[in-house]
2 protein chains.
Amino acid sequence: MALKAEDMGSLSFMVRRTWLSMRSAISVELKEYGLTSPQYATLLIVAGNPGCSNSDIARKVASTRQAANEMLTALEGRGLLTRAPNPADRRTQQLHITDAGSAVLAGAHAAVQRREAELETGFTDEERAVVRRWCETIGDKCEPGEGGWPGLGV
Amino acid sequence: MALKAEDMGSLSFMVRRTWLSMRSAISVELKEYGLTSPQYATLLIVAGNPGCSNSDIARKVASTRQAANEMLTALEGRGLLTRAPNPADRRTQQLHITDAGSAVLAGAHAAVQRREAELETGFTDEERAVVRRWCETIGDKCEPGEGGWPGLGV
DNA sequence: ATCCTATTGACAGGTTCCTGACAATCTGGC
DNA sequence: GCCAGATTGTCAGGAACCTGTCAATAGGAT
């Protein structure tokens with residue numbers, strides 16, 4: 001089935017709108033945990049990658065070191081994660097989630113998983129796989145320079 | 001093929017990263033037109049919907065009236081679009097793209113279409129259709145209240 | 001040992017989003 | 001005609017992104 005011209009208004013427009021919609025919907029779920037979508041995602045990454053750095057976070061979400069820094073500063077300020085100097089590299093800080101952070105994340109994660117599962121009902125495993133491959137591939141191609149990402153997973 | 005648990009870190013995380021990546025890549029293309037991705041998308045909507053309102057823009061991109069207002073204020077300030085009172089509804093303003101806006105948009109659109117076509121190489125028409133339907137459906141389900149969007153197209 | 005390039009985290013200022021609130025207006029029900 | 005609820009655009013303040021810049025550090029080449 002060929003796509004109509006007007007369906008191709010803009011790919012990035014389509015993705016942006018999907019993101020803004022999901023962010024709003026997920027924010028409703030996260031509100032009771034005092035988190036926003038980006039904060040939740042950041043805690044998820046740190047929990048899954050103990051010892052990772054500010055730059056690692058920025059790379060994983062395809063944002064800037066500055067944006068990651070601000071996010072981490074706020075989460076550290078709330079006691080949800082800690083930053084410690086990396087003895088092996090004095091430029092770098094190592095991130096670890098705190099007990100408080102883990103507790104918040106556990107509840108938030110369940111809520112987000114439930115809501116996202118709802119959103120994706122009606123799609124087959126194959127369709128879901130196509131979407132994931134599309135997102136990963138497109139994201140890779142957007143990266144400046146060679147090679148891919150450190151993986152789609154958090 | 002069943003998806004692995006770790007592939008399901010978070011759907012919204014995946015979409016967010018795709019958006020941030022595309023935004024960055026498209027910004028490179030738009031730079032010479034003095035536009036950002038959101039500005040480009042807004043001009044595209046106004047060009048395709050002469051007379052639409054601030055709230056129409058907000059709905060079409062799934063953002064807030066305030067966000068749309070700020071975007072439009074900036075574009076109006078640069079002479080790329082105009083706002084005029086709507087004689088049929090004194091609450092509402094009608095948006096129209098200017099000649100300067102159309103000129104900028106024409107060049108920008110060609111550049112974005114080219115780059116987005118590059119990004120999507122390697123995907124079949126069917127796969128592209130799956131992604132579009134996924135985005136539209138997910139976005140619809142995120143909307144509070146009943147019914148769908150005013151359409152995916154701009 | 002020196003030097004160059006790259007990387008890191010942070011600062012400053014700007015853009016793009018948000019929530020909450022408000023006044024003006026519209027619309028439908030009574 | 002009146003009124004209640006909804007809609008619109010805007011204000012104010014905050015969160016999440018960005019670019020450009022800088023100092024400190026790492027690592028490889030010489």
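**Entry 1. Terms and model**

I count a residue as near a strand if one of its heavy atoms lies within 4 Å of that strand. The model I examined is predicted.

**Entry 2. Surroundings of DNA strand C**

I looked up which residues lie around DNA strand C and found 28 of them, with A:S55, A:R65, A:Q66, A:N69 and B:T36 coming nearest. Of the strand C atoms that come within 4 Å of the protein, sugar and phosphate make up 63%.

I then listed polar contacts to this strand. The side chain of A:Q66, one of the nearest residues, places an N or O atom 2.8 Å from a base nitrogen of DNA strand C. A second base contact involves A:R91, where a side-chain N or O atom is 2.9 Å from a base oxygen. At A:Q93 I found a backbone contact instead: a polar backbone atom is 3.1 Å from a phosphate oxygen of DNA strand C.

Next I sorted the surface near DNA strand C by element. In chain A, α1 (11-30), α3 (54-61), α4 and β2 each give at least two residues, and in chain B the elements that do so are α2 (37-48), α4 and β2. I noted that α4(B) has the largest share, five residues. By class I recorded five nonpolar, twelve polar and eleven charged residues on the surface near DNA strand C.

**Entry 3. Surroundings of DNA strand D**

For DNA strand D I found 27 surrounding residues, the closest being A:T36, A:T64, B:R65, B:Q66 and B:N69. Sugar and phosphate supply 61% of the strand D atoms that come within 4 Å of the protein.

I recorded three side-chain contacts to phosphate oxygens of this strand. B:R16 has a polar side-chain atom 2.9 Å from a phosphate oxygen of DNA strand D. For B:R59, a side-chain N or O atom is 3.2 Å from a phosphate oxygen, and for A:Q39 the corresponding value is 3.2 Å. The elements giving two or more residues to the surface near DNA strand D are α2 (37-48), α4 (65-77) and β2 (89-97) in chain A, with α3 (54-61), α4 (65-77) and β2 (89-97) in chain B. I noted that α4(A) gives the most, five residues. The surface near DNA strand D holds four nonpolar, twelve polar and eleven charged residues.

**Entry 4. Relation of the two chains**

I superposed chain A on chain B: a rotation of 180 degrees with 0.0 Å of shift along its axis does so, with an RMSD of 0.0 Å. This is therefore the relation of a two-fold axis. The C-alpha of chain A nearest the axis belongs to A:V131, 2.8 Å away from it. I also compared the interface residues: 100% of those in chain A are interface residues in chain B as well, so the copies meet through the same surface.

**Entry 5. Nonpolar cores**

I looked up the largest nonpolar core and found 32 residues, of which A:M22, A:W134, B:M22 and B:W134 touch the most other members. In both chain A and chain B, α1 and α6 (125-142) each supply at least two residues of this core.

I followed A:W134 further. Leaving out residues up to four places away in sequence, A:W134 touches A:L11, A:M14 and A:V15 in chain A, and B:T18, B:E120, B:F123 and B:V131 in chain B. Apart from this core I found another, of 25 residues, including B:L35, B:V46, B:I57 and B:L95.

Methods: Residues numbered from 1 in each chain as written. Chains lettered and ligands numbered in written order. Predicted model: local features only at pLDDT ≥ 70, side-chain atom pairs only at ≥ 80, totals over all residues. Heavy atoms only, no water. Polar contact = N/O pair within 3.5 Å; in protein donor to acceptor, adjacent residues only side chain to side chain. Helix = DSSP H or I, 4+ residues; strand = E, 2+ residues; numbered from the N terminus. Nonpolar A, V, L, I, M, F, W, Y, C, P; charged D, E, K, R; others polar. Least-squares fit on C-alpha atoms with pLDDT ≥ 70 in both. Contact = heavy atoms within 4.5 Å. Core = buried A, V, L, I, M, F, W, Y, C linked by side-chain atoms within 4.5 Å. Buried < 20%, exposed > 50% of the residue type's maximum accessible area, 1.4 Å probe, protein only.
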